Amino acid sequence: MGNRIPEETIEEIRNKIDIVEVISEYVQLKKQGRNYFGLCPFHGEKTPSFSVSAEMQIYHCFGCGASGNVFSFIMNVENCTFVEAVTTLAERIHIDLPTTRNQQPFNEKTNDFSVALRAHDLLQKFYHHFLVNTKEGKDALLYLEKRGFTDKEIERFQIGYAPNSSDLATRFFEKRGFNLYELVKSGLLSRRESDGKFYDRFRNRIMFPIWDHQGRTIGFGGRSLSDEEPKYLNSPDTKLFNKGKILYGLHLAKPAIRKKEQVVLFEGYIDVISAWRAGVENGVATLGTSLTEEQARIIRRNAETVVICYDSDHAGINAAYRAQSILTNVGCTVRIAKMPEGYDPDEYILAFGHESFQKNVIDQSMTLMAFKMDYLRKGKNLKNEGELIAYIEEVLKEISMLPGAIERDHYLRQLSEEFSISLDALKSEQYQIYRKLRKNKDISSLYRNNSNNNLKAVIVNKKLHPAYYNAERLILAHMLRSNEIAQQIKEQIGCSFNIDSHNAIALFIYGYYEEGHSPDVSGIIQNIDDEELRRIVSELAMIEINSNISDEELSDYIKQVLNYPKWLKIKEIEREKLQALKVNDVIKAAQLTQQMIELKKDLK
């Protein structure tokens with residue numbers, strides 16, 4: 001994009017935005033000490049190592065090294081440009097973006113990202129209007145009412161109707177000056193290859209907007225009102241919309257998710273809406289595809305406990321089994337909601353009512369182990385000795401994976417009582433399976449704490465560094481927080497840090513303060529283009545230091561830095577002296593000894 005946003009506007013946005021609030025839309029953060037911790041959105045992890053500082057308005061992951069300020073976070077998590085990140089944040093706090101002189105303003109032709117969002121938002125309102133305010137939408141409205149939808153749900157989920165017309169939406173966009181070719185790329189329109197004519201992608205369908213985590217419309221799901229196939233039609237994957245990375249209704253469910261510390265996972269948006277009507281407000285759904293690892297990570301970043309509530313038919317049970325494996329692998333505690341055979345959540349609510357769904361389905365969800373035992377028994381004739389033994393061995397393998405001794409004992413006793421098998425025999429067999437699994441390294445999840453809701457301590461593998469290296473890091477950490485210390489270091493060390501990256505960071509800090517800025521780590525990071533240097537600065541800023549450092553302590557750090565080159569010189573002279581002694585050059589050895597004595601005097 002050829003646009004440039006004035007620096008003062010960028011600074012205004014950065015100073016007004018709260019990085020904790022922004023990141024909280026992507027990651028469930030918990031306060032620990034002065035900072036907030038959560039699961040890193042940039043790499044898979046089960047123990048929180050992602051730290052956010054409200055004081056310095058920066059983030060840093062001690063696992064993968066991801067770091068920066070609010071702009072770099074949006075760029076990385078949304079995979080967008082700097083200008084797009086600034087635009088997103090400006091819209092969030094209602095700041096208009098002026099442009100520099102002689103440059104094009106932001107408009108629909110120069111900002112593809114904004115155009116696509118604007119087009120989706122307009123089409124959502126267009127469809128919603130047709131459903132609730134026009135004669136054309138009357139049949140669709142009646143259909144929804146028969147299915148139990150009220151005005152409240154229709155409004156909350158912005159449900160709409162795509163009229164049975166081939167070009168109504170096309171003409172709607174054309175009148176507003178949109179580039180129709182771009183709207184085809186965005187999945188809102190289609191184009192015939194035969195004559196190149198544009199036409200509406202969705203026709204005669206009840207429309208369900210699909211939002212990103214911020215509540216921006218990025219796609220649609222349409223349910224056919226006629227016999228037209230497919231019954232459900234989603235937007236295609238685009239730059240905005242990737243169904244494997246989106247969970248329907250997440251932005252609406254977040255308050256309830258955080259209150260209950262639990263996610264209820266459904267297979268489709270109809271189930272989410274019906275469940276909300278029944279009082280289950282923490283529900284989200286995949287979009288017609290199997291749960292992906294990316295979606296599982298999003299769930300884990302928002303809550304640890306997940307209740308899977310899929311259809312009770314064969315396909316739904318198999319999908320739940322696949323989903324639980326993905327969810328447990330990212331560190332979730334999983335439970336399974338079970339309904340009578342042949343029902344999906346929407347049908348159950350219509351048949352048995354709201355209260356029954358909450359009390360008898362969600363609240364009575366079974367443990368994962370109980371679900372596995374049911375699942376493994378399907379299709380087996382347990383009156384057949386061979387199939388019974390095979391079933392028990394499969395169950396014992398699953399029991400061996402359980403982390404808690406009490407839980408293992410519970411299910412072993414359950415097996416013993418159901419099939420009249422000696423408890424000692426089952427324990428012995430289970431232990432043999434455990435040893436075999438451990439030997440074959442198939443039991444990596446054995447010690448996963450799958451029920452601990454407390455924030456785990458962040459563990460950082462600390463590499464041992466020499467004294468001068470640690471001294472340089474501590475000096476830079478203090479410089480980031482204090483202009484006075486930075487000036488003192490500039491006078492005594494200048495650009496004589498022993499590590500090149502430390503020298504580069506010092507130069508950035510000197511320059512930042514020379515421009516008249518007050519200490520601001522986020523602002524310093526904003527001026528650094530090099531990603532590795534930004535990572536180091538963020539890491540240094542997260543170091544716990546004594547803000548009231550004494551002159552003696554600071555002086556000791558400075559000596560460590562300035563003395564290191566002298567130690568290197570002394571070691572070099574020592575090597576030369578040894579070579580001189582080997583060839584019996586006593587005079588040269590004596591001269592080198594005197595040089596070492598003088599250098600060591602300077603070290604004191």
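## A walk from core to rings

Let's start at I159, which touches H128, L131, L144, F149, E153, I154, I206, M207, F208, P209 and I273, leaving out residues up to four places away in sequence. Please keep in mind throughout that this is a predicted model. I159 is one of the residues with the most contacts inside the largest nonpolar core, along with Y248, C309 and F357, and that core has 41 residues. Two or more residues each come from α5 (112–133), α6 (138–146), β9 (205–211), β12 (262–266), α11 (269–277), α14 and α15 (354–362). Of these elements, α11 gives the largest share, 6 residues. As background, nonpolar side chains tend to be buried together in soluble globular proteins.

A second, separate core holds 33 residues, including I475, L480, I536 and A541. Two of those names lead us to helix α24 (residues 531–541), where L533, R534, I536, V537, S538, L540 and A541 are buried. What lies over these residues? The cover includes β4 (58–61), β5 (67–68), α20 (467–481), α22 (500–514) and α23 (521–526). At the N-terminal end of α24, D530 acts as a cap, with a side-chain oxygen 3.0 Å from the backbone nitrogen of E532.

From α24 we can step across to strand β4, the home of H60. With a relative accessibility of 2%, H60 counts as buried. Setting aside neighbours within four places in sequence, H60 is in contact with S49, F50, S51, G65, A66, S67, R535, S538, E539 and M542. A little earlier in the chain, Q57 is found in the loop between β3 (50–53) and β4. Q57 is buried too, at 17% relative accessible area, and has a positive phi of about 60° although it is not a glycine. That is worth a second look, since most residues other than glycine have a negative phi. In the UniProt record, an unreviewed entry, residues 40–64 are annotated as "zinc finger region: CHC2-type". Over residues 40–64 the model has 0% helix and 32% strand, with the end C-alpha atoms 8 Å apart.

The same unreviewed UniProt entry type brings us to another stretch: "domain: Toprim" is annotated there for residues 261–342. This span is 43% helix and 20% strand, and its end C-alpha atoms lie 30 Å apart. E261 lies in the loop between α10 (250–260) and β12. Its phi is near 55°, again a positive value in a residue other than glycine. Is E261 buried or exposed? E261 falls in between, as 38% relative accessibility makes it partly exposed. Further along, T328 lies in helix α13 (residues 314–329) and counts as buried at 10% relative accessibility. A polar atom of the T328 side chain lies 3.0 Å from the backbone oxygen of S325.

Now for the aromatic rings. A search of the whole structure finds 33 aromatic pairs. Take Y181 and F198: their ring centres are 5.0 Å apart and their planes stand at 90°, so the pair is edge-to-face. This pair links distant parts of the chain, with Y181 in helix α9 (residues 180–185) and F198 in strand β8 (residues 198–200), 17 residues apart. The partners differ in exposure: Y181 counts as partly exposed at 48% relative accessibility, whereas F198 counts as buried at 15%. F198 also has R191 over its face, at 5.5 Å from the ring centre.

Y348 and F352 offer another geometry: the centres lie 4.6 Å apart and the planes meet at 40°, so this pair is tilted. Both residues lie in helix α14 (residues 345–352), 4 residues apart, which is about one turn of the helix. An α-helix has 3.6 residues a turn, so residues three or four places apart point the same way. Here Y348 is buried, at 6% relative accessible area, while F352 is partly exposed, at 42%.

Our last stop is a cluster. Which residues do ring pairs link together? They are F126, Y127, F130, F172, F173, F178, F202 and F220. One of these rings, that of F202, has the charged end of R201 sitting over it, 5.7 Å from the ring centre.

Key. Residues numbered from 1 in each chain as written. Predicted model: local features only at pLDDT ≥ 70, side-chain atom pairs only at ≥ 80, totals over all residues. Heavy atoms only, no water. Phe/Tyr/Trp six-rings, centres within 6.5 Å; stacked < 30°, edge-to-face > 60°. Buried < 20%, exposed > 50% of the residue type's maximum accessible area, 1.4 Å probe, protein only. Lys NZ or Arg CZ within 6 Å of the ring centre and 35° of its normal. Contact = heavy atoms within 4.5 Å. Polar contact = N/O pair within 3.5 Å; in protein donor to acceptor, adjacent residues only side chain to side chain. UniProt positions renumbered as here; feature names shortened; annotations may be inferred. Core = buried A, V, L, I, M, F, W, Y, C linked by side-chain atoms within 4.5 Å.
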